Amino acid sequence: QVQLVESGGGLVQLGGSLRLSCAASGFTFSFYDMSWYRQAPGKERELVARIRSTSGTNYADSVKGRFTISRDNRKDKEYLQMNSLKPEDTAVYYCKADRLQWGEVRYYWGQGTQVTVPS
């Protein structure tokens, strides 16, 4: 059974930091690209950061220089270190795993974790 379980969200003051974790199980983690998405109230879900199975990364412009994505293939976990948090970072953050296999994209989502940065 595939599971992605996020943790580490919470309420943090302006300019503070949080570290999100995503624990994966039920699939071969190291083969998958991993991402963090977020969805604020009334807005569409957007890509925050992505780390490929080869460890290449990319970030949304809004978080470059403040957020760092990483993964630990020994622990089947990915992380999102978030620094200098702003009110506009307030959202539910989701972990996603995806892989192109036999011409099809397999993907899995976590249930999300809330991050709130009051203004």
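**Close-up views of salt bridges and a disulfide**

**View 1. Arg38, a buried residue of the predicted model.** With a relative accessibility of 5%, Arg38 falls under the 20% limit and therefore counts as buried. The model shown here and in the views that follow is a predicted one. Seven salt bridges are present in the structure, and Arg38 takes part in the one with Glu46 and in the one with Asp89.

**View 2. The salt bridge between Arg38 and Glu46.** The side chains of Arg38 and Glu46 come together here, with an N to O distance of 2.7 Å. Is Glu46 buried, partly exposed or exposed? Glu46 has a relative accessibility of 35% and is classed as partly exposed, because this value lies between the limits of 20% and 50%. Its partner Arg38, at 5%, is buried.

**View 3. The salt bridge between Arg38 and Asp89.** The closest N and O atoms of this pair are 2.9 Å apart. Arg38 belongs to strand 4 (residues 33-39), while Asp89 is found in the loop that runs between strand 8 (77-82) and strand 9 (91-101); the salt bridge therefore ties together parts of the chain that are 51 residues apart in sequence. Asp89 has a relative accessible area of 0% and is buried.

**View 4. The salt bridge between Asp89 and Arg66.** The side chain of Asp89 meets that of Arg66 in a salt bridge, at 2.8 Å from N to O. Which parts of the chain does this pair tie together? Asp89 lies in the loop between strand 8 and strand 9, and Arg66 in the loop between strand 6 (57-59) and strand 7 (67-72), so the parts joined are 23 residues apart in sequence. Both Asp89 and Arg66 are buried.

**View 5. The network of Arg38, Glu46, Arg66 and Asp89.** Salt bridges link these four residues into a network. Within this network, Arg38 pairs with Glu46 and with Asp89, and Asp89 pairs in turn with Arg66.

**View 6. The disulfide between Cys22 and Cys95.** The structure contains one disulfide. It is formed by Cys22 and Cys95, whose sulfur atoms are 2.0 Å apart. Is this disulfide left-handed or right-handed? The torsion about the S-S bond is about -70°, and the disulfide is therefore left-handed. Cys22 is part of strand 3 (residues 18-25) and Cys95 is part of strand 9, so the pair ties together parts that are 73 residues apart in sequence. Cys22 and Cys95 are both buried.

How values were computed. Residues numbered from 1 in each chain as written. Predicted model: local features only at pLDDT ≥ 70, side-chain atom pairs only at ≥ 80, totals over all residues. Heavy atoms only, no water. Buried < 20%, exposed > 50% of the residue type's maximum accessible area, 1.4 Å probe, protein only. Helix = DSSP H or I, 4+ residues; strand = E, 2+ residues; numbered from the N terminus. Disulfide = S-S within 2.5 Å.
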